[in-house]
Amino acid sequence: MTTGNPMNMSEYKKNLLGRDNCSTKEMDETVAEFIRRTILKIPMNEMMTILKAWDFLSENQLQTINFRQRKECLVQDLVGLCEEKSASVNDAALLDIIYTQVHRHQKVWDVFQMNKEPDEDVDLFDMEQFKCSFKKILQRALKNVTISFRDAEENAIWIRIAWGTQCTKPNQYKPTYVVHYPQTPYAFTSSKLKSIMPLLGQALTVASKHHQIVKMDLRSRHLDSLKAIVFKQYDQTFENHNSTTPLQERCLDVNMDSRIIHENKVEKERVQRITQESFGDYPQPQLEFAQYKLETKFKSDLNGGILAERKEPLRCLIKFSSPHLLEALKSLAPAGIADAPLSPLLTCIPNKGMNYFKIRDK
Amino acid sequence: MSVLRPLDKLPGLNTATVLLVGSEDALLQQLADSMLKEDCASELRVHLAKALPLPSNVNRPRIDLIVFVINLHSKYSLQHVEESMHHVDASFFLGRVCFLGTGGGRLSNHHGAASGAHAADLCWPRTWCLSPESAVFAEDL
């Protein structure tokens, strides 16, 4: 029997069971729609990998599907299979986590840092206890919330939360993701909802046995770069031949023509050296912007004037954007677009773990 | 104050030396490479400098042509050229200096006070805007 569309399947099942009402084992229409939309997002070349990672549909079931048909039809067939197995909202949520783990750059990640009391003992991290505690805190506060966990590489735990209220079901289309590295005080969150932050912070802090949680002034789409910055792993050179030759040698190799003479070789070498000191020899972590908020009272040598009497400070916002901000900054002085050394406000970004700055009068 | 003078040295035999002055090294390098690809009646050498004055401890041939390269998007590069011009003797400007503006094709007008306004104000005698594949001024030498 070929897989029909989901409606036929549920009708067939209803007749089989001889019941008028939907049995509790049947898949909810909203879950079906959620699964359908999630699978639709997956690019065709990733479909098999993600479905296998999900491990909800068996090898046998997947073999009955024609993966060469048009995507809409393929998705319908897959949803049909999920119907057969009565996928729950938790199964669907797991698929959503896997999709997001592969496409993590589609979210913007904030970074939070927790700390313990100075005299608190370092407890051994118990994963089950963490999950249990986290769930309890959220479920006590909001009756309707979908919480899913998935372990990931390097001991990380990914948490997906779909938020509801006391009376409404959770909205599966606006979930919050949290990535936490146990034994470290860091958590990365992606959330468009500001209102849930205090509760989420509390759940994280208590479940991981910390005392306090603070939002860092660091934000990016590149989760791995954020991780490299907070764990101070960005200054490790990778094992490829490009990074083993020092910067100077590589640049001078290009200019082999002896008919071209650089008059300012000394200056050029000084710039290369300073750039290497500020940025190192390794690939920079990837950030998309740096933002500087300046607040200052007007200062002038002249006496009086309207601006000098102004009590409120003047405000100014400067934002640098780039597909790869730190590499772009690194190339400014060698390209002759800026003087070396660059302002420490620019070069301190990975070191301080900040890309949002507030500059005020002292 | 060291100043470049056009006739303070004897010319090299069958050689031509062009000095490119500009703050953006990659642009100068690109221009130099293109120039050297062209056929030249004399043996061509190209010197690249970020600004003038040139380092004084170097033995260099007589400079036959100075090209000031200005990036029309960068006030910084214009500033460098303006400051460098003080170190060039007035007589050099009689046929041995030219100004090259780059980036003209991409001038956009939504970034506030662009240095494009300065470029339009340039009333210097030999202001040419050339595409990156500019012809060599070998004929002038």
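Here are some exercises with worked solutions on a predicted model.

**Exercise 1. Work out the strand order of the open sheet in chain A, and find the strands at its edges.**

Step 1: Go across the sheet strand by strand. The six strands come in the order β2-β3-β4-β5-β1-β6 (chain A), and the pairing is antiparallel.

Step 2: Look at the two ends. β2 and β6 (212–220) of chain A each have a single partner strand, so one side of each has no neighbour in the sheet.

Step 3: Check the twist. On average, neighbouring strands here are turned by 25 degrees against each other, ignoring direction.

Step 4: Zoom in on one pairing. Strand β3 (residues 157–163) of chain A and strand β4 (residues 176–180) of chain A run antiparallel and share five bridges. Pick Trp158(A), and you'll find its bridge partner in β4(A) is Val179(A).

**Exercise 2. Find which strands helices α7 and α8 of chain A touch or lie across, and at what angles they run.**

Step 1: Take helix α7 (residues 127–141) of chain A, which packs on the sheet and touches β2, β3 and β4 of chain A. Its direction makes about 165 degrees with that of β2(A).

Step 2: Now take helix α8 (residues 197–207) of chain A. This one lies across β1 (109–115), β3, β4, β5 (186–190) and β6 of chain A. Against β6(A), helix α8 of chain A runs at about 115 degrees.

**Exercise 3. Place Ser148(A) in the fold: is this residue buried or exposed, and what does it contact beyond its sequence neighbours?**

Step 1: Locate it. Ser148(A) sits in strand β2 (residues 145–151) of chain A, and β2 of chain A is one of the edge strands.

Step 2: Check accessibility. Ser148(A) has 5% relative accessibility, so it counts as buried, the cut-off being under 20%.

Step 3: List the contacts, skipping neighbours within four places in sequence. Ser148(A) touches Ala93(A), Ile97(A), Trp158(A), Ile159(A) and Arg160(A). Trp158(A) is the residue that bridges to Val179(A) in β4(A).

**Exercise 4. Classify two of the aromatic pairs by the geometry of their rings.**

Step 1: Start with the tally, which is 15 aromatic pairs over all chains.

Step 2: Take Phe125(A) and Phe130(A). Their ring centres are 5.5 Å apart and their planes stand at 45 degrees, so call this pair tilted. Phe125(A) is partly exposed at 25% relative accessibility, whereas Phe130(A) is buried at 0%.

Step 3: Move on to Tyr186(A) and Phe231(A). With centres 5.6 Å apart and planes at 80 degrees, this pair is edge-to-face. Tyr186(A) belongs to strand β5 of chain A and Phe231(A) to the loop between α9 (223–230) and α10 (241–244) of chain A, so the pair ties together parts 45 residues apart in sequence. Tyr186(A) is buried at 13% relative accessible area, while Phe231(A), at 22%, is partly exposed.

Step 4: Widen the view. Phe125(A), Phe130(A), Phe134(A) and Phe149(A) make up one aromatic cluster.

**Exercise 5. Explain why Cys316(A) has no bond to the closest cysteine sulfur.**

Step 1: Search for disulfides over all chains, and you get zero.

Step 2: Find the closest cysteine sulfur to that of Cys316(A). It belongs to Cys348(A) and is 17 Å away, too far for a bond; a disulfide needs the sulfurs within 2.5 Å.

Step 3: Add accessibility. Cys316(A) is partly exposed at 34%, and Cys167(A) is exposed at 71%.

Key. Residues are numbered from 1 along each chain as its sequence is written. Chains are lettered from A and ligands numbered from 1 in the order in which they are written. This is a predicted model: local features need pLDDT of at least 70, side-chain atom pairs count only at pLDDT 80 or more; totals for chains, interfaces and linings use all residues. Side-chain values use heavy atoms; hydrogens and water are left out. Helices (H or I, at least four residues) and strands (E, at least two) are DSSP runs, numbered from the N terminus. Buried means under 20% relative accessible area, exposed over 50%, partly exposed in between (1.4 Å probe, protein chains only). Contact means heavy atoms within 4.5 Å. Two strands pair if DSSP finds at least two bridges between them. Axes are lines fitted to C-alpha atoms, for helices over the stretch in contact, and angles run from 0 to 180 degrees between N-to-C directions. Rings of Phe, Tyr and Trp (its six-membered ring) pair if their centres lie within 6.5 Å; planes under 30 degrees apart count as stacked, over 60 as edge-to-face and the rest as tilted.
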